[in-house]
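Work through the exercises below with the model open. Try each task before reading its solution.

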Amino acid sequence: MNQHDSRRDAGGGSTAHYQQSLAKDLSPFTLFAVAFGFVSIATGIFTAYGSVLNSSGPLGIWTWPIVVIGQLAVALVFGALAARVPITGYAYQWVSRLANPVLGWILGWISFTFLAVVVVAVDYTIASTILPVLFGYTGTAANAWVITAVVMLLQALLVATSTRATQRVNNGAVTIQLIGMIGLVVLLFGVGLATGDFDVSNLFSRGDVPAEGYFAFGGASEASPWAMGFLLGAFTIVGFESAANLAEETKNPAYVVPRAMYRAVITLGILGMLFLIAVTGLSGDPAALAGSATPIADVITDVLGSFLGKAMLVLVVISIFSCGLVITLSGSRLIWAMSRDERFPGWQAFHKISPSRGTPMNATFMMFVVSQAVLGVFAFSTDALFALFSAATLLPAIIYAATVALYIAKRRNLPPTRGFTLGRWEIPVLVIAVAWLVWELLIFRDASFRASWNYVAVMVAIGAVYFVYLLARKGVSGLTMPDMESIDAALDAEPDVVERDRHS
């Protein structure tokens, strides 16, 4: 099924008009659940907490509120853009229209490389840090690789088969995660205070990290121990923009999407800080805990006992599966959106919507194949989990910085808002966002992130080869985008699909 006309203007550029080919049936709670599920504090904290204990000690958790404030500012800027260009593809669409399609394509490709690696980082967490504790076996690179591959396959099959079922699974998982994480925090504080095991001094301990140079800026190729602590929040509080990637499946997206993004950041920021305080206060000997491959799981089972502790770990597995599911959903939509504009390798196949399922099945399959390739590259490295989560932190920082810079450059000439504006808070929000993103990017000068930069370099090189081909075939003048006025009516119409997956 064609997603747009194939009409061309005299210069060879596409004058295509989008058609509404995906059902507009996502509710405000579903959009919130998408943003909440992607960010998933259970996923981020379980993945990164051990690395932060080793690099910054328990004191590193106090970087979390700074990250939340910085990412909230970024989310507000993204909300202002989503209210002006409410189309699936988020940064790719915004930059293509507000700057130019060349920069838009670059941001779209970087977003794709981020989604391809972050889904691996998320699902690898289940296999490497939770299931070994839950089922009492020794985790190895080999069994982690197999388990991760199977989990990603299940997520891809669900997303490809039924959008409605994907929504239901994610909504249920997010509801469980909200109730469960609140219950877990209450239990940890309650048991810790009742038994006297909660040690306030742990909250301000550096563990085995030396005091000398702890708060220093660091050298040309290294970040200070304190700065490395920011990776915990920087890896976790990302993905809120996934709500914008479902704009064409949402009623009144210009109003709903911005609110879903910033509400998810605020909710997860508060809940995550409480969880970190609880776990750190109950960590016993932080230096010894830093040597564990499963520190969070160890604390939960030690404090709550084997049965209750493992029940809570099941909750975390559900949360992480939901996170990977949302990432797969978001990735498939980005591939589909770029393919609709004939900007993605193999777009002829990936722009199609399944007539029977109403989903971009081919795009979902592409997302699965690429993520499996990324898994194969990282899975048997010396420290696979650190390499994965650091790459999945660097890429969104690049995307966020480029998008905020675009907003600053074009804010006087933006299209009119359709449901959300920063108003008088615009300047303070931009100042906070810029200060935070500059600081975050400076952390990645540390030599420990070499593998992350190598991944970025390889993926950019692959994209560059295709982009040279794209320019040779179309030329810069051929990379035009339909204007908003030409697609508004079409996107408000009923979806042009056959009996979507209503039966699901």
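**Backbone and burial exercises**

Asparagine 252 is partly exposed, at 47% relative accessibility (partly exposed lies between buried, under 20% relative accessible area, and exposed, over 50%; 1.4 Å probe, protein chains only). This is a predicted model, where local features need pLDDT of at least 70, side-chain atom pairs count only at pLDDT 80 or more, and totals for chains, interfaces and linings use all residues. Residues are numbered from 1 along each chain as its sequence is written, and side-chain values use heavy atoms, without hydrogens and water.

**Exercise 1.** Place asparagine 252 and state its phi.

*Solution.* Start with the general rule: most residues other than glycine have a negative phi. Asparagine 252 has a positive phi of about 50 degrees. Its place is the loop between helix H9 (230-236) and helix H10 (253-281). Helices here are DSSP runs of H or I, at least four residues, numbered from the N terminus.

**Exercise 2.** Decide whether glutamate 342 is buried or exposed.

*Solution.* Locate glutamate 342 in the loop between helix H13 (306-340) and helix H14 (347-350). Read its phi: near 60 degrees, a positive value. Then take its relative accessible area, 6%; glutamate 342 is buried.

**Exercise 3.** Check the span of helix H2 (residues 41-55), then find its bend.

*Solution.* The expected span is 1.5 Å times one less than the number of residues. For the 15 residues of H2 that gives 21 Å; the end C-alpha atoms are 20 Å apart, which agrees. H2 bends by about 40 degrees at alanine 48 (the angle between axes fitted to the seven residues ending there and the seven starting there). Of its 15 residues, 12 are buried, among them Ala48. Just after H2, glycine 57 has a positive phi of about 75 degrees.

Terms used:
Helix = DSSP H or I, 4+ residues; strand = E, 2+ residues; numbered from the N terminus.
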